[in-house]
Amino acid sequence: MAKRFALLLAAAITGIAISTARAGPTLDNIKSKKVITIGYREASIPFSYLGADQKPVGFSLDLCAHVVDRLKVDLGTPDIQTKLTAVNSSNRIPLIQNGTIDIECGGTASSKQRLEQVSFSVSTFASQTAWLAKASSGLKTPKDLKGKTVVVTQGSDALGIAKGISQEDDLNLTIAQAKDHAESLLLLTTGRVTAWVEADILLAGMKADYSKPADLIFLNANYGTIYYYGLMFSKDDPDFKKMVDDVLSKLMASGEFAKLYDKWFVAAIPPKNINLNFPMSDALKERVAHPSDVVNY
């Protein structure tokens with residue numbers, strides 16, 4: 001009996017070693033360093049942005065906090081430290097690819113093109129394309145932008161979208177690129193561009209946070225395409241993805257995800273106590289009921 005127990009124990013230890021060896025590069029790296037590096041955005045309200053005292057806050061960061069809690073349990077390393085690194089639209093994917101950050105907790109949409117470079121969790125948000133302009137411009141719809149200069153943020157999907165809209169609707173747009181969302185807003189409000197095209201929620205956040213939100217309007221547009229956001233991490237690391245997806249799926253099933261959504265999208269948020277008044281869309285409700293990372297574009 002003792003000999004049999006010893007053999008079973010040895011087999012169990014071997015199994016643990018094999019499991020650990022197959023944990024995947026991201027999990028192995030986090031366990032080895034006892035540090036997870038999270039990429040955050042400085043102006044992607046309400047996903048990830050600088051709040052009071054210039055400290056990062058937001059919906060995506062709250063979701064990632066649950067991921068960190070799970071890591072501490074799964075890796076048996078309760079003293080894992082969280083390192084926060086600012087990223088932007090241009091460098092967020094390269095920083096994932098070169099291992100500088102383990103996961104991006106921002107406001108990034110998944111796409112077939114991006115999935116060739118990185119991986120995404122199950123969807124955490126659903127958005128559509130929108131245009132923001134100055135109320136004083138007299139513009140009503142995107143067709144009023146014919147021959148105008150508009151802005152997109154570097155690294156955003158909006159560049160390709162703006163080019164497509166310009167071509168399909170024969171708008172002959174001149175497209176400027178800003179380094180981040182804050183600069184895009186600056187170019188718009190100072191009159192250097194006529195409109196800013198971006199995801200509806202990001203524009204809503206920037207508008208609500210602007211010193212004079214009534215000075216900005218949304219143009220009447222409905223393009224139909226839905227863009228699904230997710231937490232972003234290294235490609236070809238199925239163990240890490242499985243863990244992140246499991247965390248999010250359980251939050252969705254328990255109702256905690258919906259509570260976090262309401263906290264950031266339909267309630268006053270720091271630092272100015274603005275309310276985006278952006279209820280959960282039917283498209284996102286469907287993904288919460290049936291978690292998925294599928295994208296169609």
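## Exercises on a five-stranded sheet

In this predicted model, strand S9 (residues 129-134) and S13 are joined in the antiparallel sense over three bridges.

**Exercise 1.** Determine which residue of S13 is the bridge partner of Ala-133, and then place the two strands within the order of their sheet.

*Solution.* Begin with the pairing of S9 and S13, which is antiparallel; within S13, the residue that bridges to Ala-133 is Ile-217. Next, set this pair in the open sheet of five strands, whose order reads S11-S10-S12-S9-S13 and whose pairing is mixed. Strand S11 (174-178) and strand S13 (216-218) each have a single partner strand and stand at the edges, so one side of each is left without a neighbour in the sheet. Finally, from one strand to the next the twist averages 30°.

**Exercise 2.** Describe which strands helix H6 lies across and at what angle it runs to S12, and then do likewise for the strands that helix H7 touches.

*Solution.* Take helix H6 (residues 181-189) to start with: this helix lies across S9, strand S10 (149-153), S11, strand S12 (195-199) and S13, and runs at about 150° to S12. Turn then to helix H7 (residues 200-209), which packs on the sheet, where it touches S9, S12 and S13, while its direction makes about 125° with that of S12.

**Exercise 3.** Place these elements in the context of the whole protein chain, stating how many helices and strands there are and what percentage of residues count as buried.

*Solution.* The inventory of the chain gives 10 helices and 15 strands. As for burial, 46% of its 297 residues count as buried. The C-alpha trace, taken along its principal axes, spans about 85 × 40 × 35 Å.

Technical notes: Residues are numbered from 1 along each chain as its sequence is written. This is a predicted model: local features need pLDDT of at least 70, side-chain atom pairs count only at pLDDT 80 or more; totals for chains, interfaces and linings use all residues. Side-chain values use heavy atoms; hydrogens and water are left out. Two strands pair if DSSP finds at least two bridges between them. Helices (H or I, at least four residues) and strands (E, at least two) are DSSP runs, numbered from the N terminus. Axes are lines fitted to C-alpha atoms, for helices over the stretch in contact, and angles run from 0 to 180 degrees between N-to-C directions. Contact means heavy atoms within 4.5 Å. Buried means under 20% relative accessible area, exposed over 50%, partly exposed in between (1.4 Å probe, protein chains only).
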